[in-house]
Every structure is written in structure tokens, then in C-alpha cells.
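This report describes selected local features of one protein chain. The sequence and the structure are shown first, and the discussion follows.

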Amino acid sequence: MKDAVDLYNTMTIKIPIETKQGVHTLPASSVIAVEAQGRKVVIHTTQRDFESIRNMQYWLELLPKNCFFQTHRSFIINFEHVTDFDRTLVHMADEQFHAYLTKRKYSAFKEAYLLYLDSTR
């Protein structure tokens with residue numbers, strides 16, 4: 001029960017997304033993934049994509065650890081939006097988005113994802 005309450009509280013927190021245009025506040029559950037594209041960091045959400053003025057390290061520290069995972073140096077993904085995965089790719093948001101999964105992080109990702117699924121029951 002405690003895990004379910006923690007998960008609910010984590011996913012209902014608001015995340016500020018700072019862009020050059022201003023600050024957008026969204027629930028953590030609407031963030032699909034954070035992607036580094038060269039020098040830019042793009043926040044993929046259920047509404048639209050935002051180009052953040054913050055770096056990947058900022059997002060890694062800000063996002064809740066029990067729901068988000070860094071699968072590759074260029075991707076931080078939200079477990080809630082994962083549809084399936086294999087040893088190299090994580091498919092998300094009904095196959096609309098894909099994130100790379102490094103070989104050395106596969107086991108840790110699989111374990112964390114299964115724990116996440118267990119806590120959502």
C-alpha cells in the first residue's frame with residue numbers, strides 16, 4: 001500500500017519545464033521522455049515537445065527515481081509510457097517514440113521496470 005501511495009504522490013507532482021519562451025508546469029506523469037539532441041534537451045510530453053534550457057544532469061536529479069530511468073546518455077524515460085523493450089530499444093507511447101537502451105544498462109533497466117510494474121498493482 002505504501003508503494004502505491006508513494007507512486008501516486010510521485011506521478012502527481014508538478015514538473016517545471018523552463019524554455020526560452022517561459023516556464024510550463026506539467027504533471028510528471030505527462031512526461032514521456034527527456035532526450036538530448038546535440039546541445040539541446042527536448043522534453044517529450046503527452047501534449048507536445050518542449051526545448052528545455054536545462055541540461056540532462058538537471059533532469060536526472062529533478063525527475064522521480066522510482067518512475068524515470070536513464071537508458072542511454074541521451075535518454076531518460078518514464079516507465080509509465082513504456083509499451084515494450086528489447087536489448088537495444090525501449091518502445092514508448094504506443095510505438096510513437098523509441099529510446100536507445102545500452103547493453104550495460106539492460107539488466108538494471110529490466111529490474112527497475114519490473115519493480116515499477118509490481119508497485120503499480
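In this predicted model, helix α3 exposes Ser-107, Glu-111 and Leu-115 on one side. On the other side, Tyr-106, Phe-109, Tyr-113, Tyr-116 and Ser-119 of α3 are buried. Viewed down the axis of α3, the buried residues fall within an arc of 155 degrees, and therefore they line one face of the helix. Helix α3 covers residues 106-119, 14 residues in total. From its first C-alpha to its last, α3 reaches 20 Å, close to the 20 Å expected at 1.5 Å a residue.

A strand pair offers a second case of two-sided arrangement. Strand β4 (residues 40-45) pairs with β5 in the antiparallel sense, over 4 bridges. The connection from β4 to β5 is a hairpin of 3 residues. Within this pair, Ile-43 stands opposite Phe-50 of β5. In a regular strand, side chains alternate between the two faces of the sheet. The residues of β5 (49-52) are divided between its faces as follows.

| Face of β5 | Residues |
|---|---|
| Covered | Phe-50, Ser-52 |
| Uncovered | Asp-49, Glu-51 |

The residue that stands opposite Ile-43, Phe-50, thus belongs to the covered face of β5.

A loop residue completes the account. Ser-74 is located between β6 (68-72) and β7 (75-78). Is Ser-74 buried or exposed? Its relative accessibility is 13%, and so Ser-74 counts as buried, the cut-off being under 20%. When neighbours within four places in sequence are left aside, Ser-74 is in contact with Val-34, Glu-35, Ala-36 and Met-56.

Conventions:
Residues numbered from 1 in each chain as written. Predicted model: local features only at pLDDT ≥ 70, side-chain atom pairs only at ≥ 80, totals over all residues. Heavy atoms only, no water. Buried < 20%, exposed > 50% of the residue type's maximum accessible area, 1.4 Å probe, protein only. Contact = heavy atoms within 4.5 Å. Pairing = 2+ DSSP bridges. Expected span 1.5 Å × (residues − 1). Arc of directions from axis to C-beta.
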